[in-house]
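This briefing goes through one structure by topic. Please have the sequence and the 3D view open while reading.

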Amino acid sequence: MIGFGYDVHRLADGESLILGGVPIPSSFGTVAHSDGDVLLHALVDALLGAAGLGDIGEHFPDTDPRWKGESSSTFVRHAVHLVTSAGYRIVNADLTLILQAPKILPYKPLMRDHIASLCGLPVERVGVKATTAENIGAVGRGEGVEAYCVVQLDP
Ligand code: MG
């Protein structure tokens, strides 16, 4: 089974920037009810989608005070629990982050390690890629950050 996930969050001054579970030093960060980790949100939707289990908004509504400021790693752990309880094994996860700034190259290995650990996968089964938006559009102007994820599950 293949699952696909996408997420976007606005960026604003004074917010924290946490991507793939890794705090990134920055004067701006994501505006969100949770910790705004777009990369992990895309991963959750890919996991849920592959198993036909709905989406992140159904499981963790942003109107629920329980999830205010919650670490998105909690959401991933829950999604992993759901898909494995449904009888699936995670084969691999491939993620792409689109962010104009700051440069996140130094943090990619940490993100990869964290995601592999959350999914119970060897790091070789996790891909974390990043690109800028070439200064084009809202993401290119630094107004937001986007993430895409594809996951494969085996029965
Ligand atoms: Mg989100």
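How are the donor residues of the magnesium ion spaced in sequence? The spacing is D-x1-H-x31-H. The model is predicted, and the points below cover the metal site, a buried threonine, the salt bridges, a surface patch and a loop proline.

**Magnesium site**
- The magnesium ion has Asp 7 (OD), His 9 (NE2) and His 41 (ND1) as its protein donors, at 2.1 to 2.2 Å.
- Two of these donors come from distant parts of the chain: His 9 sits in strand E1 and His 41 in helix H1 (residues 38-50), 32 residues apart.
- His 9 has a relative accessible area of 14%, so it is classed as buried, the cut-off being under 20%.
- His 41 is also buried, at 7% relative accessibility.

**Thr 30**
- Thr 30 belongs to strand E4, which covers residues 28-30.
- The relative accessible area of Thr 30 is 3%, so this residue counts as buried.
- The side chain of Thr 30 comes to 3.5 Å from the backbone oxygen of Asp 35.
- A polar atom of the Thr 30 side chain is also 3.1 Å from the backbone oxygen of Gly 36.
- Leaving aside residues up to four places away in sequence, Thr 30 touches residues including the metal donor His 9, as well as Arg 10, Leu 11, Glu 15 and Val 145.

**Salt bridges**
- Side chains of opposite charge can pair when their charged atoms come close.
- The structure contains 4 salt bridges; three of them are described here, beginning with Arg 89 and Asp 154, whose closest N and O atoms are 3.2 Å apart.
- That pair links distant parts of the chain, with Arg 89 in strand E5 and Asp 154 in strand E7, 65 residues apart.
- Arg 89 is partly exposed at 44% relative accessible area, and Asp 154 is partly exposed at 24%.
- Lys 129 and Asp 94 form another salt bridge through their side chains, at 2.7 Å from N to O.
- Lys 129 is in strand E6 (residues 126-131) and Asp 94 in strand E5, so this bridge ties together parts 35 residues apart in sequence.
- Lys 129 is partly exposed, with 36% relative accessible area; Asp 94 is partly exposed as well, with 32%.
- Arg 141 and Glu 143 also meet in a salt bridge, 2.8 Å from N to O.
- Within that pair, Arg 141 counts as exposed at 56% relative accessibility, while Glu 143 is partly exposed at 40%.

**Nonpolar surface patch**
- Ile 2, Phe 4, Tyr 6, Val 8, Tyr 148 and Val 150 make up a nonpolar patch on the surface, with about 540 Å² of accessible area together.
- Strands E1 (2-13) and E7 (144-154) each contribute at least two residues to the nonpolar patch.
- Strand E1 gives the most, with 4 residues; Phe 4 is in this strand.
- Strand E1 also holds the magnesium donor His 9.

**Pro 106**
- Pro 106 is in the loop between strand E5 (89-98) and helix H4 (108-119).
- The relative accessibility of Pro 106 is 57%, so it is classed as exposed, the threshold being over 50%.
- Pro 106 and Ile 24 are 82 residues apart in sequence, and their C-alpha atoms are 9.8 Å apart in space.

Definitions and conventions: Residues are numbered from 1 along each chain as its sequence is written. This is a predicted model: local features need pLDDT of at least 70, side-chain atom pairs count only at pLDDT 80 or more; totals for chains, interfaces and linings use all residues. Side-chain values use heavy atoms; hydrogens and water are left out. Buried means under 20% relative accessible area, exposed over 50%, partly exposed in between (1.4 Å probe, protein chains only). A polar contact is a pair of N or O atoms within 3.5 Å; within protein, one must be able to donate a hydrogen and the other to accept it, and residues adjacent in sequence count only if both atoms are side-chain atoms. Contact means heavy atoms within 4.5 Å. Patches are made of residues with over 30% relative accessible area and no salt bridge: like charges are joined within 9 Å, nonpolar side chains (Val, Leu, Ile, Met, Phe, Trp, Tyr) within 5 Å. Accessible areas come from the Shrake-Rupley method with a 1.4 Å probe; for residues, only the protein chains shown count as cover. Donors are N, O and S atoms within 2.8 Å of the metal (3.2 Å for Na, K and Ca); water is not among the atoms, so sites may look incomplete.
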